[in-house]
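Me: Please pick one part of this and go through it closely with me. I'd like the geometry along with the cut-offs behind each term.

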Amino acid sequence: AVVLAAGSARLELLALVRARPALDDVPVLLLAPAGIRGQEVASALRAGANDVVTGAVEADELRARIGRAVALAAETREVRRDAEAAAAALDAAPFPTALLGPDGTIVRAGASFCALTGRPPEELRGLTLDALSHPDDAGTEARERRFVRPDGRVVPLLLHEAAVGGAGGAPHAAVVQAHDLTAERDELTLLQRRHRFEEAVAAQAAGGGGARARFAVVVCGIDGMHQVNRAHGRRRGDRLLRGVADAMRRRLGGPEHLARAGGDSFAVLLPGAGEREARAFADELLELAAAVRVPGRPSLRPVASAGAALVARGGRGSAALAAAEDALSRARRRGGGRVVVARG
């Protein structure tokens with residue numbers, strides 16, 4: 001520890017000590033006369049003094065106060081080392097990673113997490129994941145959500161969160177990792193992109209024999225989306241599409257066999273389905289879509305159409321999606337609100 005005795009130059013000496021990096025963690029005590037003003041004590045503490053001892057002091061008390069200052073400095077160094085280690089670990093993580101506090105706010109974010117969100121660490125500190133999320137995703141427990149960057153770009157993500165134990169094993173923080181799904185998921189609905197669905201269809205067609213080798217592809221589309229956007233606004237049109245996607249995802253139990261095929265249409269892969277199963281499922285999708293409502297727009301009642309294509313055992317699946325989309329177009333030409341199954 002460094003002890004600076006009373007004198008007019010004590011603050012200047014304190015500044016010299018604190019200006020030396022090698023002495024940055026060394027505790028400094030100032031000895032000051034009993035009549036020192038509170039404002040001067042505050043100035044000394046702001047300048048880097050660890051303690052200000054005023055008036056006459058016994059040797060034992062001085063030693064005790066020096067001991068407390070040394071112990072506090074050691075604890076500060078340990079906290080700083082832990083913080084530096086945590087920062088290095090977050091930066092070295094294979095995915096964008098952040099540390100959340102007990103209240104769910106970001107305590108520290110790794111460099112890749114900052115880059116993903118488009119925000120510097122000091123701006124992220126104190127924010128919740130909901131504050132970074134699209135308004136439609138905030139307040140949910142869903143692992144898949146969309147972050148909105150300051151530049152307006154929407155980033156679809158898969159979040160993994162794990163508790164970090166505190167004293168007695170009680171969780172007091174959490175580590176969250178974000179997996180960027182931009183290349184795989186549609187940013188509005190968080191469903192698979194078309195090319196991923198086409199890969200799934202090809203894999204299904206290349207599967208082994210047996211009854212489940214046959215499958216169907218169903219494409220369901222919202223009729224008149226252009227008119228919906230004009231009458232109710234693009235934002236509400238997007239909420240409608242998101243609502244339909246969510247309803248389909250819940251029906252299927254996940255997004256594995258579901259994709260956004262086009263601007264207003266969704267594709268579903270049905271392993272093992274024949275014509276009867278495909279038609280029944282397509283009818284169910286029409287009912288699901290018709291039940292979706294957009295808050296604040298009770299008059300917005302969507303109507304959907306669907307097309308289905310069948311791939312028999314040993315058949316080629318490469319044209320199944322295009323055939324289902326062609327069937328959807330025929331359903332719409334016949335007035336919409338119906339199902340057409342492609343044959344041949």
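**A ring, a sheet and some charges**

Reply: Let's start with Phe113, which has 0% relative accessibility and so counts as buried (under 20% relative accessible area; exposed is over 50%, partly exposed in between; 1.4 Å probe, protein chains only). Keep in mind that this is a predicted model, where local features need pLDDT of at least 70, side-chain atom pairs count only at pLDDT 80 or more, and totals for chains, interfaces and linings use all residues. Numbering runs from 1 along each chain as its sequence is written, and side-chain values use heavy atoms, with hydrogens and water left out.

What does Phe113 pair with? Searching the whole structure turns up 1 aromatic pair, and that is Phe113 with Phe147, edge-to-face at 6.3 Å centre to centre and 75° between the planes (Phe, Tyr or six-membered Trp rings with centres within 6.5 Å; planes under 30 degrees apart are stacked, over 60 edge-to-face, the rest tilted). Phe113 belongs to helix 4 (residues 111-117) and Phe147 to strand 6 (residues 144-148), so the two rings tie together parts that are 34 residues apart in sequence (helices, H or I, have at least four residues and strands, E, at least two, as DSSP runs numbered from the N terminus). Phe147 is buried as well, at 2% relative accessibility.

Strand 6 also takes us to the charges, since Arg146 makes a salt bridge with Asp137, their closest N and O atoms sitting 3.0 Å apart (a Lys or Arg side-chain nitrogen within 4 Å of an Asp or Glu carboxyl oxygen). Both partners are buried. It's one of 23 salt bridges in the whole structure.

Now for the sheet. Its 5 strands form an open sheet in the order 10-11-9-12-13, with mixed pairing (strands pair if DSSP finds at least two bridges between them). Strand 10 (258-260) and strand 13 (339-342) are the edges with a single partner each, so one side of each has no neighbour in the sheet. On average, neighbouring strands are turned by 20° against each other, direction ignored. Strand 12 (residues 304-311) runs parallel to strand 13, paired over 4 bridges, with Ala306 opposite Val339 in strand 13.

Two helices pack on it. Helix 7 (residues 194-205) touches strand 9 (215-222), strand 10 and strand 11 (265-271), its direction making about 20° with that of strand 11 (contact means heavy atoms within 4.5 Å; axes are fitted to C-alpha atoms, for helices over the stretch in contact, with angles from 0 to 180 degrees between N-to-C directions). Helix 10 (residues 275-290) touches strand 9, strand 11, strand 12 and strand 13, at about 160° to the direction of strand 12.

Back to charges around these elements. Asp223 bridges to Arg332, with closest N and O atoms 2.9 Å apart. Asp223 is in the loop between strand 9 and helix 8 (225-232) and Arg332 in helix 11 (residues 320-333), so this pair ties together parts 109 residues apart in sequence. Asp223 is buried at 17%, while Arg332 is partly exposed at 28%.

Helix 10 has a salt bridge too: Glu284 with Arg251, closest N and O atoms 2.5 Å apart. Arg251 lies in helix 9 (residues 234-252), 33 residues from Glu284 in helix 10. Arg251 is partly exposed at 36%, and Glu284 is partly exposed at 26%. Finally, shared partners join Asp137, Arg146, Arg242, Asp246 and Arg249 into one salt-bridge network.
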